[in-house]
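User: I've got a model to go through with you. Can you pull it up so we can talk over a few spots?
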Amino acid sequence: MEKTWRWFGQKDQVTLNLLHPIGVDSIVTSLHDVPNGNVWTVEDIRHMQSYIRSYGFDWSVVESLPVCEAIKYGGPERDKLIENYKLSLANLGRCGIRTVCYNFMPVIDWIRTDLNYPLPDGSTSLYFDRIRFAYFDLKILQRSGAEKDYTLAEREKVEILDKKMTDEQKDELIDTIIVKTQGFVNGNIRSGDKNPVLLFKHLLDLYKGINRDKLRENMRYFLSSIMPVCEKYGVNMCVHPDDPPFQVFGLPRIVTDEEDIAWILNAVDNPHNGLTFCAGSLSAGEGNDTRSLAKKFAGRTYFVHLRSTEAIPGGSFIESSHLAGRGHIIDLVRIFEQLHPGLPMRIDHGRSMLGDGDKDYNAGYSFYGRMLALAQVEGILSTVSDEMDKGVFFDF
Ligand code: DNO
C-alpha cells in the first residue's frame, strides 16, 4: 500500500518537512481555501502541487472535493454546481491527480460527542456516546419528532443528564458535534459562526421531504453526470462511507453497509465510480464485518482509510487502537494487498498524546498519535509483504 498522510495545507501545524522520517510516501489534501461549489482551477491545483513537490512528495489523493448540499437535496442550482464539479475534476485530471474522495452525507459529516475521551494510559481518543448525542438532538436542537428516534430508556437517561449539564458543557457539546468536527471538512458551519445551532436547523430544513430513495436518486443523477469526465481524464471517484453508518437527525444516510455500497456501485456501474474503504466508519456499524466488505468491494476500492472502533453496548462506540477493535486492520491489509495491491492508504485519526492536545490540530488529526498508528500499520504492511513473499495466503 502507498502510505499517504492527510495534510491540511500551509496552515496545518503538522508541516510537510516532518513527514519523510516517519515513513510517509505521499500526500492527501484538498484546496481548503476554495469555497464549496467553486471551480478548482488548474492554476490553484498546480500551485498546491508544486508546494507539495518542493518537499519531495506527490499529491496523490484529493480529500475531499465536497459535494454541495444543493446537489444532495436536488435544489434548482444543482446542474450549475455539477458543471462546476466536472470542471474541477477535469482540471485535476489535467494535473495528473486521479483519485478523488468525497461523501454524500446530508448536512453533517462525521459525528463524535467527545473529542478527548481519556484512556488509562494518559492518551485520549474520539468517542460517540449515544445518550450525549440524543441529548443534543432532544434538548439543544429540540428537533421536532426526535423523540421517536430514541427508546424510552434512552430518553430517561437524557433527562438524568439534563439535570447535570452545565451551560459550559452544553456549549462544548455543540462545538464538538456541529463545529469542530465539521468546519475543516465541509464548510457548512465554521468556528466563529454565530449561533451554529440555528444555522444547523436551517440546513436540516433543506432536507424536508428528502427520504432515502430520493437521496439515492440524487446520488445516481450526480454520478451519472460526472462519469463521462471521469472516463475522459481517468479520475476515480471514491465515496466515503457515512460516519457513523446509521441514520441521524432524521436525515437519510445511504452509504452505511453492504447493501448500500452495492447499490451505489451498481446504480452507476462504471469502474470510475468507486469506494473509499474507511474501516473506522464501517466498523461502527453493528452489522458490518469489515473483512467481508473488503473482500467483496476490493476491486472498486481506490483509497483506504485505516482506523478501528470498538462498539459499546447501547449504540455508543470509541475509536480504538489501530491494532484492535472491529476494524480488523491486519486482515484488511492482507485482503487489499492480495486483491488490489498498492492502493493509497492513510491513517485515519489518531489518539491524542504526548502534547498533541496542546496544539491547534484539527479534531482527530494529531501528530504523535497518527505517527504511532502509522508505525503500527507499517509493521503490518511489512509482515503481510513477508507472508506473501513466502507464499502464505489467507482464505477469508
Ligand atoms: C473525517 C473524515 C471525513 C472525510 C470526508 C470525505 O475525519 O474521514 O470527514 O474526509 O467525509 O469526504
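User: Where is Ile160 found?
Analyst: Ile160 is in helix H5, which covers residues 152-164. Keep in mind that this is a predicted model.

User: Is Ile160 buried or exposed?
Analyst: Exposed, because its relative accessibility is 53% and the cut-off for exposed is over 50%.

User: How far is Ile160 from Phe8, C-alpha to C-alpha?
Analyst: The separation is 40 Å. Along the chain, Ile160 and Phe8 are 152 residues apart.

User: OK, switching to the ligand. Where does the ligand sit?
Analyst: In the largest cavity.

User: Which residues come nearest to the ligand?
Analyst: There are 15 residues around the ligand. Glu63, Ser64, Asp109, His349 and Tyr365 come nearest.

User: What is the make-up of that shell by class?
Analyst: Six residues are nonpolar, four are polar and five are charged.

User: Which element gives the largest share of the shell?
Analyst: Strand S4, residues 99-103, with three residues.

User: Which polar distances to the ligand should I look at?
Analyst: Start with Asn103, where a polar side-chain atom is 2.9 Å from a ligand oxygen. For Asp109, a side-chain N or O atom is also found 2.9 Å from an oxygen atom of the ligand. The side chain of Arg6 has an N or O atom 3.2 Å from a ligand oxygen.

User: And how much of the ligand does the protein bury?
Analyst: The protein buries 100% of it. On its own, the ligand would expose 330 Å².

User: Back to the backbone. Which peptide bonds are cis?
Analyst: One joins Glu63 and Ser64, with omega about -10°. Another runs from Asp243 to Pro244, with omega near -5°. For context, most peptide bonds are trans.

User: Where do Ser64 and Pro244 lie?
Analyst: Both are in loops. Ser64 is between strand S3 (59-63) and helix H2 (69-73). Pro244 is between strand S7 (236-240) and helix H9 (258-267). Glu63 and Ser64 also appear among the residues that come nearest to the ligand.

User: Any odd phi values?
Analyst: Val107 has a positive phi, near 60°, and is not a glycine. Leu354 is not a glycine either, and its phi is positive at about 55°. Most residues other than glycine have a negative phi.

User: Which loops hold Val107 and Leu354?
Analyst: Val107 is in the loop between S4 and strand S5 (114-118). The loop of Leu354 runs between strand S12 (344-347) and helix H13 (368-389).

User: Is Val107 buried or exposed?
Analyst: Buried, at a relative accessible area of 3%. The cut-off for buried is under 20%.

User: And Leu354, buried or exposed?
Analyst: Leu354 counts as exposed because its relative accessibility is 68%.

User: New topic, Ser26. Where is Ser26, and what does its side chain contact?
Analyst: Ser26 is in strand S2, residues 26-29. Its side chain makes a polar contact with the side chain of Glu2, at 2.4 Å. Ser26 counts as buried because its relative accessibility is 3%.

User: What about Ser88?
Analyst: Ser88 is in helix H3, residues 78-94. At 1% relative accessibility, Ser88 is buried too. The C-alpha atoms of Ser88 and Ser316 are 38 Å apart, with their positions 228 residues apart along the chain.

User: How far is Phe200 from Ile178 in space?
Analyst: From C-alpha to C-alpha, 7.6 Å. In sequence, Phe200 and Ile178 are 22 residues apart. Phe200 is in helix H7 and counts as buried because its relative accessibility is 2%.

User: Last one. Where is Val185, and is it buried or exposed?
Analyst: Val185 lies in the loop between helix H6 (167-180) and helix H7 (196-205). Val185 is buried, at 13% relative accessibility. Its C-alpha is 22 Å from that of Ile264, 79 residues away along the chain.

Note on methods. Residues numbered from 1 in each chain as written. Predicted model: local features only at pLDDT ≥ 70, side-chain atom pairs only at ≥ 80, totals over all residues. Heavy atoms only, no water. Near = heavy atom within 4 Å. Polar contact = N/O pair within 3.5 Å; in protein donor to acceptor, adjacent residues only side chain to side chain. Areas by Shrake-Rupley, 256 points an atom, 1.4 Å probe, with all protein chains shown as cover. 1 Å grid on protein atoms, 1.4 Å probe; cavity = no way out; pocket = protein on both sides within 12 Å on 5 of 7 lines; lining within 4 Å. Sits in = over half its atoms within 2 Å of the grid points. Helix = DSSP H or I, 4+ residues; strand = E, 2+ residues; numbered from the N terminus. Nonpolar A, V, L, I, M, F, W, Y, C, P; charged D, E, K, R; others polar. Buried < 20%, exposed > 50% of the residue type's maximum accessible area, 1.4 Å probe, protein only.
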